[in-house]
Amino acid sequence: MDSSVTAPLYRDITDFAHDMPSWVQHLAEIWTELGLLVFGVLFITGWWRARRADERALALAVLAPLATAFGYVVSEVLKSVVDEDRPCRTVVGAAASLVPCPPTGDWSFPSNHSAIAGAAAVALAIARPRLAWLTAPLALLMAFSRVFVGVHYPHDVAVGLLLGAAVSAAVVAVLYRPARSLARAVRDSGAPVAALVSGPGTAPGQGRGTATAGRSRRRHGGARRRR
C-alpha cells in the first residue's frame, strides 16, 4: 500500500482521466509528451524578436533556454537522490496509467517535465512579461497532464514546478549582467556570424549608437556656430 499523502488525490485524478472521452485522453497523451516543444518554439521566436531589440532583451532571450536547462539539471539531480518509485506501480487501487509506466530507476520525484515547464514559463515571462498569461497556464497544464496520464504523484509536479521556477529566476538574476555585456560585445564585434546571432539591435532612432551619434552631431554643430 502506498503511503504518500497525495496518493488519494492521485487516484481521484486518474479515475477522472478514465471517465473522460477517448479524444481527451489522446490529447493528454500527446500534450504530456510533446507539449514542451511549445516552449522551444517560444524560445526561438523570442530570440528572433530580440535580435531587433536592445541588449537587455537579447540577453534575457538567450538566458531563457539556459535557465530552463539549469532547472532540468537540478530536478534530475534531486530525482536521483530521492529515488521515489512511480505511482503507476505503487498506488493500490488506482486506475491504470494512460501511457506506459516508466521503468524502475526512472524515478518519480520531482517531475522533470514540470520542472522544465516551470523554468521555461518563468524565464520567458521575465524576458517578455506579456507572455506570462500564456506560459503560466501552459506550465500548469503540463504539470497536471503528468498526473492525469498516471505517471506522477501530485506532489511530484507541484515541487517540480516550484523548483524549476525558482532555479530559473535565480539563474537569470545571476547571469543577466554578464549576458547583457556579452550581447553588447557580440554586436559591437561586427563579425558576420555575430550579426546573424545577435541581430542589428534596436531600430534607428532607438539605439544607444544613435543616441551617441546625435550627441556628437550636436557638439559639432555647436562648434561650427562658435566659429
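Buried residues make up 43% of the 227 residues in this protein. The model is a predicted one. Its accessible surface comes to about 12,200 Å². Carbon and sulfur atoms account for 67% of that surface.

The protein has 10 helices and 0 strands. Read from the N terminus, the order of elements is α-α-α-α-α-α-α-α-α-α. Contacts often link distant parts of the sequence: of those between residues at least 6 apart, 80% join residues at least 24 apart.

**Helix α1**

Helix α1 covers residues 7-19, which is 13 residues. From first C-alpha to last, α1 reaches 18 Å. That is close to the 18 Å expected at 1.5 Å a residue.

Which residues of α1 are buried? They are Ala7, Tyr10, Arg11, Ile13, Thr14 and Ala17. Arg11 and Thr14 are thus listed as buried alongside Ile13. The cover over the buried residues of α1 includes α2 (22-34) and α5 (87-90). It also includes α7 (132-148) and α8 (154-189).

**Helix α3 and its two partners**

Helix α3 spans residues 36-50. It packs with helix α6, residues 112-127, and its axis also comes within 8 Å of that of helix α4, residues 55-82. The table sets out both pairs.

| Helix pair | Axis distance | Angle | Crossing |
|---|---|---|---|
| α3 and α4 | within 8 Å | roughly 160° | left-handed |
| α3 and α6 | 10 Å | about 25° | left-handed |

Take α4 to begin with. The axes of α3 and α4 cross at roughly 160°, so α3 runs roughly antiparallel to α4. On the α3 side, the contact is made by Phe43, Gly46, Trp47 and Ala50. On the α4 side, the contact residues are Ala57, Leu58, Ala61, Val62, Ala64, Pro65 and Thr68.

Now α6. Helices α3 and α6 pack at about 25°, so α3 is roughly parallel to α6. Helix α3 contributes Leu36, Phe39, Leu42 and Phe43 to this contact. Helix α6 contributes His113, Ile116, Ala117, Ala120, Ala121 and Leu124.

Which residue of α3 appears in the contacts with both α4 and α6? It is Phe43. Trp47 of α3 is listed in the contact with α4, and Phe39 of α3 in the contact with α6.

How values were computed. Residues numbered from 1 in each chain as written. Predicted model: local features only at pLDDT ≥ 70, side-chain atom pairs only at ≥ 80, totals over all residues. Heavy atoms only, no water. Helix = DSSP H or I, 4+ residues; strand = E, 2+ residues; numbered from the N terminus. Buried < 20%, exposed > 50% of the residue type's maximum accessible area, 1.4 Å probe, protein only. Contact = heavy atoms within 4.5 Å. Areas by Shrake-Rupley, 256 points an atom, 1.4 Å probe, with all protein chains shown as cover. Expected span 1.5 Å × (residues − 1). Axes fitted to C-alpha atoms, helices over the stretch in contact; angles between N-to-C directions. Parallel < 35°, antiparallel > 145°, perpendicular 65-115°, else oblique. Left-handed = near helix turned anticlockwise from the far one by under 90°.
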